[in-house]
Amino acid sequence: MRDHNELINVEAPAWPLLLQELSGTDVPVEVLPGDTAAGRASLLQLQVSAGSNLGGIVLNCGGLLVDGGWLRIFGSPSDAGLPGLAEVNAMPPAFDPSWRPGAGLVVAHDVLGGVFALNGGDPREAGRPGEPGEILYFAPDALGWEALGAGHSAWLSWIFSGGLQGFYEGLRWDGWRGEVSVLDGRQGLSFFPPLWSAEARQDLSATSRRAVPMAELLGMSRDSCLQFDGADPGFLGVA
């Protein structure tokens with residue numbers, strides 16, 4: 001078990017390099033102010049170091065808002081505008097060496113109710129695809145998990161290189177930026193008919209959309225999974 005000093009005082013911290021990568025991207029990314037004390041506590045609980053991009057984000061910022069908040073990558077926020085990684089993953093309020101993130105660590109949500117998670121140590125046992133340490137995506141239009149073939153750092157680089165544009169092809173509509181801009185960090189968009197329906201797949205722009213708490217959106221996805229095939233997607237994060 002590593003202590004704070006071992007986790008934070010590393011020879012090659014990831015944050016300066018990540019900031020350099022952010023300065024060179026054309027993708028809109030807002031770096032939110034963070035809570036250093038909360039970040040230190042999260043690093044200790046997760047046992048990840050500041051030498052990793054995951055540790056660098058959690059220690060140094062309150063999260064990253066990508067594409068005007070379409071994607072929310074969690075950190076350790078200094079205000080209540082965006083939930084922190086610790087809150088989203090229901091980490092204990094005080095260090096607990098027995099706590100584990102279970103099937104995977106939720107690292108980001110999108111406004112559709114999509115979930116990006118870092119795979120745990122035994123995906124097969126958890127009923128999830130991919131390899132340990134691989135980023136997965138819970139797709140609200142398909143109601144299932146898919147492996148993205150990349151670890152956390154490669155996933156971030158893919159985002160900053162514009163990968164989201166192709167990833168969300170067919171799931172963005174005229175005027176989406178305006179609708180996303182008025183949401184707060186704890187809200188997503190509920191669609192009717194829902195994203196997984198034939199109607200939404202045929203004409204997404206014809207759906208009606210309303211802002212709802214992210215917790216409600218995630219709960220609706222889970223209920224839909226259970227209703228259709230009885231498969232529980234598992235933990236999607238607390239929001």
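**Exercise 1. Helix α2**

Task: In this predicted model, find which residues of helix α2 (residues 15-23) are buried, and work out how they are arranged around the helix axis.

Solution.
- Step 1. Begin with the covered residues: in α2, Trp 15, Leu 18 and Leu 22 are buried.
- Step 2. Look down the axis of α2. The buried residues fall within an arc of 60°, so they line one face of the helix.
- Step 3. Now turn to the other side of α2, where Leu 17, Gln 20 and Ser 23 are exposed.
- Step 4. Finally, ask what the buried residues pack against. Their partners are β1 (29-32), α4 (53-60) and α7 (152-160).

**Exercise 2. Asn 9, just before the helix**

Task: Say where Asn 9 is placed, and decide whether Asn 9 is buried or exposed.

Solution.
- Step 1. Asn 9 sits in the loop that lies between α1 (4-8) and α2.
- Step 2. The relative accessibility of Asn 9 is 54%, and exposed means over 50%; therefore Asn 9 counts as exposed.
- Step 3. Check the side chain: Asn 9 makes a polar contact with the side chain of Asn 5, at 2.3 Å.
- Step 4. Then compare sequence with space. Asn 9 and Gly 51 are 42 residues apart along the chain, and 8.8 Å separates their C-alpha atoms.

**Exercise 3. From β3 to β6**

Task: Trace how β4 is joined to strand β3 and to strand β5, then carry on to β6.

Solution.
- Step 1. Strand β3 (residues 71-74) and β4 run antiparallel, with three bridges between them. One pair to look for is Ile 73 with its bridge partner in β4, Ala 108.
- Step 2. On to β5 (residues 115-119): five bridges join this strand to β4, and the two run antiparallel. Here Ala 108 stands opposite Phe 116, and His 109 stands opposite Val 115.
- Step 3. Put the pairs together. Ala 108 is paired with Ile 73 and also with Phe 116 of β5.
- Step 4. β5 in turn has four bridges to β6, again in an antiparallel arrangement. The bridge partner of Val 115 in β6 is Phe 138.
- Step 5. Check how covered these strands are. In β4 (residues 104-110), seven of seven residues are buried; in β5, five of five are buried.
- Step 6. Look at the turn as well: the hairpin of β4 and β5 has four residues between the strands, and Gly 113 there takes a positive phi near 95°.

**Exercise 4. The largest nonpolar core**

Task: Find which residues touch the most other members of the largest nonpolar core, and follow the contacts of Ile 73.

Solution.
- Step 1. The core has 66 residues, and those touching the most other members are Trp 70, Leu 71, Ile 73, Leu 112, Phe 116 and Trp 155.
- Step 2. Strand β6 (residues 135-139) gives this core its largest share, five residues.
- Step 3. Set aside the neighbours of Ile 73 within four places in sequence. Its remaining contacts include Ile 57, Leu 64, Val 107, Ala 108 and Trp 155.

**Exercise 5. Unusual backbone angles**

Task: Which residues other than glycine have a positive phi, and where is there a cis peptide bond?

Solution.
- Step 1. Recall the usual case: most residues other than glycine have a negative phi, and most peptide bonds are trans.
- Step 2. Gln 47, which is not a glycine, has a positive phi of about 60°. You will find Gln 47 in the loop between α3 (36-46) and α4.
- Step 3. Leu 143 also has a positive phi, near 55°, and belongs to the loop between β6 and β7 (144-147). With 16% relative accessibility, Leu 143 counts as buried.
- Step 4. The cis peptide bond joins Phe 192 and Pro 193, with omega about -10°. Pro 193 lies in the loop between β8 (187-192) and α10.

**Exercise 6. Thr 207**

Task: Is Thr 207 buried or exposed, and what does its side chain reach?

Solution.
- Step 1. Locate Thr 207 in the loop between α10 (198-202) and β9 (208-213).
- Step 2. Its relative accessibility is 6%, so Thr 207 counts as buried.
- Step 3. The side chain of Thr 207 reaches the backbone oxygen of Leu 204 at 2.6 Å.
- Step 4. Leaving out neighbours within four places in sequence, Thr 207 is in contact with Phe 191, Phe 192, Pro 193 and Ala 200. Two of these names should be familiar: Phe 192 and Pro 193 are joined by the cis peptide bond.

Notes. Residues are numbered from 1 along each chain as its sequence is written. This is a predicted model: local features need pLDDT of at least 70, side-chain atom pairs count only at pLDDT 80 or more; totals for chains, interfaces and linings use all residues. Side-chain values use heavy atoms; hydrogens and water are left out. Buried means under 20% relative accessible area, exposed over 50%, partly exposed in between (1.4 Å probe, protein chains only). Two strands pair if DSSP finds at least two bridges between them. A nonpolar core is a set of buried Ala, Val, Leu, Ile, Met, Phe, Trp, Tyr and Cys residues joined through side-chain atoms within 4.5 Å. Contact means heavy atoms within 4.5 Å. A polar contact is a pair of N or O atoms within 3.5 Å; within protein, one must be able to donate a hydrogen and the other to accept it, and residues adjacent in sequence count only if both atoms are side-chain atoms. The arc is that of the directions from the helix axis to the C-beta atoms.
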